[in-house]
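User: Please take a close look at one loop of this model and the sheet around it. Then say where else the backbone does something out of the ordinary, and how the cysteines stand.

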Amino acid sequence: MKIIHLEEVDSTNAYIMRNVGELEAPVMVSAYLQTAGQGQRGNSWEAEPGKNLTFSIFYRPVSLPPMAQFSMSEAVALAVVDFLGAHGIEAKVKWPNDIYVGDNKICGILIRHSVMGGSVSYSVIGVGIDVNQTMFLSDAPNPISMRQITGKNYDLLLLEEEMAAIMERSLECINDPDFRIKLHDEFMKNLWRGDGREYAFVDAATGETFMARIESIASHGPITLRLLDGSERTYAFKEVSFL
C-alpha cells in the first residue's frame, strides 16, 4: 500500500475527501500534525504532534453491499488488535470499533462510506493509535498509549509500514462473503466486555441506565443486550453506550 506523508493537515480524512478524484486506492495518508483530527460523534482527537499514528486509508472494495459495511469496521478493528498483539499488547474491540486495553482507550476509528449502484464505491478509514504520547491534556476520560503500557519508545515510520501491510491484507479479504462470516466470528471473540457478564449501559434517547450483557451483534452492526429480567433490546450505533 502506498503511503503519503503530510507534515500538517486539518485531518487526513478531510484530505482524502478533498482529493478523491486524484488518489489511487489503496493508499494511506499519514500526518505529523492534524489540526482538526476527527473522532466519533463529532469529537476531536487529541494527538501530540509526532507522537502517534494518525492516518486515513482510501479504499475501494471490489464488491461490498451496503448491508455489509460493518464488515469493513470489523476488519479494520481486528487489524489494529493484531498489530498491537504483535507488540505484546492484548487489546479488545469496544463496540462498534474503539480499541481498548483493559478499561483504557488506545485507538479510535472513524469510517465513512460512499455508496453508489447498490455497493460501496469507496471508503475513507480514519485511525488514531496512541503510541509514544504519555501526557493527555483533553477531557478524554481514559486514554492510554503503547509506550505507557510497554515502556518502549517506538519508531513511527516503521510502525506505519507495518500497519499499512496489516490493513491491506485485512481489507482485501472483506470482498469474500465467506471470509466476512469468519471475520464476524473473530470480531465476537475479541469483543470488549463480551464475556457474558452484566455491565452498565445508558439509553441515549431516554437517559435510562440499566444493567445488561451483550447477547449478540448482528453482522450489519446493531447490538442486542439481554437485561437482568431476561428481556432483550437491540440498538444501532449511537443509540446506547457503555458506562
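Analyst: The loop to look at is the one between β11 and β12, where Lys 238 is found. The model is predicted: local features need pLDDT of at least 70, side-chain atom pairs count only at pLDDT 80 or more, and totals for chains, interfaces and linings use all residues. Residues are numbered from 1 along each chain as its sequence is written, and side-chain values use heavy atoms, without hydrogens and water.

Lys 238 is not a glycine, yet its phi is positive, at about 80 degrees. Its relative accessible area is 47%, so Lys 238 counts as partly exposed (buried is under 20%, exposed over 50%, partly exposed in between, with a 1.4 Å probe and protein chains only).

The strands on either side of this loop are β11, residues 232–235, and β12, residues 240–242. Strands here are DSSP runs of E of at least two residues, and helices runs of H or I of at least four, numbered from the N terminus. Both β11 and β12 belong to an open sheet of 5 strands, whose order is β11-β10-β9-β8-β12, with antiparallel pairing. β11 and β12 are the edge strands of this sheet, and each of them pairs on one side only. The loop that holds Lys 238 therefore lies between β11 and β12 in the chain, while β10, β9 and β8 stand between these two strands in the sheet order. Two strands count as paired if DSSP finds at least two bridges between them.

Inside the sheet, β8 (residues 199–203) and β9 (residues 209–217) run antiparallel and are joined by 4 bridges. One of the residues involved is Tyr 199, whose bridge partner in β9 is Ala 212.

A second positive phi is found ahead of β8. Arg 193 lies in the loop between α5 (177–189) and β8, and its phi is about 60 degrees although Arg 193 is not a glycine. In contrast to the partly exposed Lys 238, Arg 193 is buried, because its relative accessible area is 17%.

Two peptide bonds are also worth marking. Ala 25 and Pro 26 are joined by a cis peptide bond with omega of about -5 degrees, and Pro 26 sits in the loop that runs between α1 (12–18) and β2 (27–34). Another cis bond, with omega of about 0 degrees, joins Trp 95 to Pro 96. Pro 96 is placed in the loop between β4 (92–94) and β5 (98–101). As background to these four sites, most residues other than glycine have a negative phi, and most peptide bonds are trans.

The cysteines can be dealt with briefly. Searching the whole structure gives 0 disulfides, a disulfide being a pair of cysteine sulfur atoms within 2.5 Å. Cys 107 is in none, and the nearest cysteine sulfur to its own belongs to Cys 173, 19 Å away. Seen from Cys 173, the closest cysteine sulfur is that of Cys 107, and 19 Å is too far for a bond. Their surroundings can be set side by side: Cys 107 counts as buried because its relative accessibility is 0%, whereas Cys 173 has a relative accessible area of 29% and so is partly exposed.
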